[in-house]
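Please load the model in your viewer, with a cartoon for the backbone and sticks ready for the side chains. The stops below are meant to be selected one after another.

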Amino acid sequence: MQQHLARIAILVRDYDEAIGFFVQKMGFTLLEDTPRSPTKRWVAVAPPGQPECSLLLAKAKDEEQAQYTGKQGGGRVFLFLHTDDIQRDYEQYRAAGVHFEEAPRQEAFGTGAIFQDLYGNRWELIERKL
């Protein structure tokens with residue numbers, strides 16, 4: 001059997017502001033933006049060069065869903081983004097206005113730095129040891 005993750009849904013308030021954050025600030029690629037109804041779109045973004053697993057930007061459809069926007073990890077780091085150069089990406093993201101909770105730090109696995117997306121979901125940017 002062979003399986004892989006294809007998409008991870010992340011709740012957003014607004015499609016266009018989420019696209020702006022992930023594409024313009026983080027340099028992700030917009031893979032798809034297809035209208036599904038007058039209020040719903042199928043929007044997928046992914047880090048450059050990695051289309052096999054993407055984020056599906058899912059607009060909260062009501063107040064119940066909206067309360068979880070930015071809290072999908074329950075306060076813990078929710079997503080882990082690997083990089084080949086953490087210092088480059090740390091500096092680039094900070095210059096674009098991405099909020100980091102810390103400077104890159106050394107760990108047994110490599111170097112990591114926690115940041116927040118535009119809604120407050122916590123991510124960890126990681127450069128693994130070779």
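Select Gly 27 first: just after H1, this residue takes a positive phi of about 75°. The labels H and E used on this tour stand for DSSP runs, helices being H or I with at least four residues and strands being E with at least two, numbered from the N terminus. The model is a predicted one, in which local features need pLDDT of at least 70 and side-chain atom pairs count only at pLDDT 80 or more, while totals for chains, interfaces and linings use all residues. Residues are numbered from 1 along each chain as its sequence is written, and side-chain values use heavy atoms, with hydrogens and water left out.

Now move to the other end of H1 and show Asp 14, which caps the N-terminal end of the helix, a side-chain oxygen lying 3.0 Å from the backbone nitrogen of Asp 16. Colour the whole of H1 (residues 15–25) next, and turn the view until you see that the helix lies across E1, E2, E3 and E4, running at about 10° to E3. Contact here means heavy atoms within 4.5 Å, and the angle is taken between N-to-C directions on a scale from 0 to 180 degrees, with axes fitted to C-alpha atoms and, for helices, over the stretch in contact.

Which residues of H1 are buried? Select Tyr 15, Ala 18, Ile 19, Gly 20, Phe 21 and Phe 22, where buried means under 20% relative accessible area, exposed over 50% and partly exposed in between, with a 1.4 Å probe and protein chains only. Their cover includes E1, E2, E3, E4, E8 and E9.

Hide the helix and look at the sheet beneath the selection. Here 4 strands form an open sheet with mixed pairing, in the order E1-E4-E3-E2, two strands being paired if DSSP finds at least two bridges between them. Strand E1 (7–12) and strand E2 (29–35) are the edge strands, each pairing on one side only, and neighbouring strands of this sheet are turned by 25° against each other on average, direction ignored. Inside the sheet, pick strand E3 (residues 41–46) and strand E4 (residues 54–59), which pair in the antiparallel sense over 3 bridges; Val 43 stands opposite Leu 57 in E4.

Bring the helix back and select Phe 22, Met 26, Phe 28, Leu 55, Leu 57, Phe 100 and Trp 123, which touch the most other members among the 25 residues of the largest nonpolar core. Such a core is a set of buried Ala, Val, Leu, Ile, Met, Phe, Trp, Tyr and Cys residues joined through side-chain atoms within 4.5 Å. At least two core residues come from each of E1, H1, E3, E4, strand E5 (77–82), H3, strand E8 (110–116) and strand E9 (122–128), and H1 gives the most, with 5 residues. Centre the view on Phe 28, whose contacts beyond four places in sequence include Phe 22, Val 45, Pro 47, Leu 55, Leu 81, Tyr 93 and Trp 123.

The next stop is a polar one. Select Asp 89, which lies in helix H3 (residues 86–95) and counts as buried because its relative accessibility is 10%. What does the side chain of Asp 89 meet? It makes a polar contact of 2.4 Å with the side chain of Thr 83, a polar contact being a pair of N or O atoms within 3.5 Å in which, within protein, one must be able to donate a hydrogen and the other to accept it, residues adjacent in sequence counting only if both atoms are side-chain atoms. Thr 83 is found in the loop between E5 and H3, and a further polar contact of 3.4 Å joins its side chain to that of Arg 88. At 14% relative accessibility, Thr 83 also counts as buried.

For the last local stop, select Thr 69 in the loop between helix H2 (63–66) and E5. This residue is buried, with a relative accessible area of 11%, and, leaving aside neighbours within four places in sequence, Thr 69 is in contact with Leu 11, Val 12, Arg 13, Ala 60 and Tyr 119.

Finally, zoom out to the whole protein, whose secondary structure comes to 3 helices and 9 strands. Of the 130 residues, 36% count as buried, and the C-alpha atoms fill a box of roughly 45 × 35 × 30 Å, taken along the principal axes.
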